[in-house]
Amino acid sequence: MSLPILAITMGDPAGIGAEIAAKTLAEQETYKICRPLVIGDACVMEDAVRLCKLDLAIHAIDDPAAGTYRFGSLDVLDLAFLEPDEHRYKQVTARQGDAAFHYVAKAIELAMAGQVDGTVTGPINKESLNLAGHHYSGHTEIYGGLTRTKDYAMMLADGDFRVVHVSTHVSLRQACDRVKTPRVLRVIELADAALKQLGIAEPRIGVCGLNPHCGEARMFGTEDEDEIRPAVEQARGRGIAAEGPLPADTIFSKMAGGMFDIVVAMYHDQGHIPTKLVGFKYDGKTDTWAQMAGVNITLGLPIIRVSVDHGTAFDRAGEGRANPQSLIEAVRYASRFARGAANR
């Protein structure tokens, strides 16, 4: 296949999304794995290129077919949503939250229509989004709603360290209630399918318990034996190499050592904490993030969606010093998924 076209949304204009998009497209390697197309406002991208002191020319277009996809020319599908005087770095505004939502909606529309081969999302601000009247808890829920998908899951990845979640943006109390056999089984199946699309022929899947020590013979809870174990047994009956439930305090170390290709976590923090401990490195001496690795992938959608695994970083937006590492990795992952989809 020819290189996939990836729609990269700019994220909230008040944050670092435009800067990390510009820096990612200033890498020649990006053009060796995909044809990148930024979805956003050309005036904001022009400012990002200036702030980051990049030698890139903005090419504003209104159709993906008009893109040049040549290194040095940054193609922007210009929605012309913001006037230059409406752009405010570091500020929560309904106008910018509305813009961020429409960038995402346009990327989804293009992917559903087959005009792009995958989507990569920049960081959005949930407060701005909700001020604008878009009451979603995050990208994952926007994609689920706009693609009319009910059965999806969030996967995080930093290289070969991968985690997929049974639940995400709900209270811990609600998360425990959502650990049910059909949902755990479905997430195991989604993980198995995703890794096969990435080229892993026989994925090895570790499944976390919910309670300390997986309930320790029901002394600390019953969900591990009553809900999780039956899901693992059913998955194995369908030919999936799943193992569990296993204690959450050791399963991630086992994956890091090569025992598993992915771990199924039962709730948001159970999966996010180990992934960000691996991928994020903060330097207290310089007050900067020396490393912000890792990507966020939504499984179960009819289209490809990969995202950065960090927020808008309003505190350093508009300064040209944002780290693009996570977006570069997100583009690599999306390109791998697109090639895998083309080969199925």
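How far apart are the mean positions of the 36 positive and 44 negative charges of the chain? They are 3 Å apart in this structure, which is a predicted model. The legends below start with the whole chain and then move in on single spots.

**Figure 1. The whole chain, with its 12 helices and 14 strands.** Start here to get your bearings. The radius of gyration is 20 Å, close to the 20 Å that the globule rule gives for 344 residues, so the chain is as compact as a globular protein of that length. Along the principal axes, the C-alpha atoms fill a box of roughly 60 × 45 × 40 Å. Of the 344 residues, 56% count as buried. Take the contacts between residues at least 6 apart in sequence: 73% of these join residues at least 24 apart. The accessible surface comes to about 14500 Å², and carbon and sulfur atoms account for 49% of it.

**Figure 2. A salt bridge within helix H3, between Asp47 and Arg50.** Side chains of opposite charge can pair when their charged atoms come close. Here the N to O distance is 2.6 Å. Both residues belong to helix H3, which covers residues 42-51, and they sit 3 residues apart, or about one turn of the helix. Is Asp47 buried or exposed? Asp47 has a relative accessibility of 18%, so it counts as buried. Its partner Arg50, at 53%, counts as exposed.

**Figure 3. Asp226 paired with Arg218.** The closest N and O atoms of this salt bridge are 2.9 Å apart. Asp226 is partly exposed, at 37% relative accessibility. Arg218 is partly exposed too, with a relative accessible area of 45%.

**Figure 4. Glu319 and Arg321, joined by a salt bridge.** The side chains meet with an N to O distance of 2.6 Å. Glu319 has a relative accessible area of 37% and is partly exposed. For Arg321 the value is 43%, which also counts as partly exposed. Elsewhere, which residues do salt bridges with shared partners join into one network? They are Asp151, Arg183, Arg186, Glu189 and Arg238. Altogether, the structure holds 16 salt bridges.

**Figure 5. A cis peptide bond between Gly244 and Pro245.** Look at the backbone where these two residues join: omega is about 0°. Which strand holds Pro245? Pro245 is found in strand S9, made up of residues 241-246.

**Figure 6. Ala217, a residue with a positive phi.** The phi angle of Ala217 is about 55°, although this residue is not a glycine. To find Ala217, follow the loop between strand S8 (204-208) and helix H9 (223-237). With a relative accessible area of 74%, Ala217 is exposed.

**Figure 7. Ala313, another residue other than glycine with a positive phi.** For Ala313, phi is near 50°. Where does Ala313 lie? Its place is in the loop between strand S14 (305-308) and helix H12 (325-343). At 24% relative accessibility, Ala313 counts as partly exposed. The cut-off helps here: buried means under 20% and exposed means over 50%, so a residue in between is partly exposed.

Terms used:
Residues numbered from 1 in each chain as written. Predicted model: local features only at pLDDT ≥ 70, side-chain atom pairs only at ≥ 80, totals over all residues. Heavy atoms only, no water. Helix = DSSP H or I, 4+ residues; strand = E, 2+ residues; numbered from the N terminus. Rg over C-alpha atoms; globule rule 2.2 N^0.38 Å. Buried < 20%, exposed > 50% of the residue type's maximum accessible area, 1.4 Å probe, protein only. Contact = heavy atoms within 4.5 Å. Areas by Shrake-Rupley, 256 points an atom, 1.4 Å probe, with all protein chains shown as cover. Lys, Arg positive; Asp, Glu negative; His and termini not counted. Charge placed at Lys NZ, Arg CZ, Asp CG, Glu CD. Salt bridge = Lys/Arg side-chain N within 4 Å of Asp/Glu carboxyl O.
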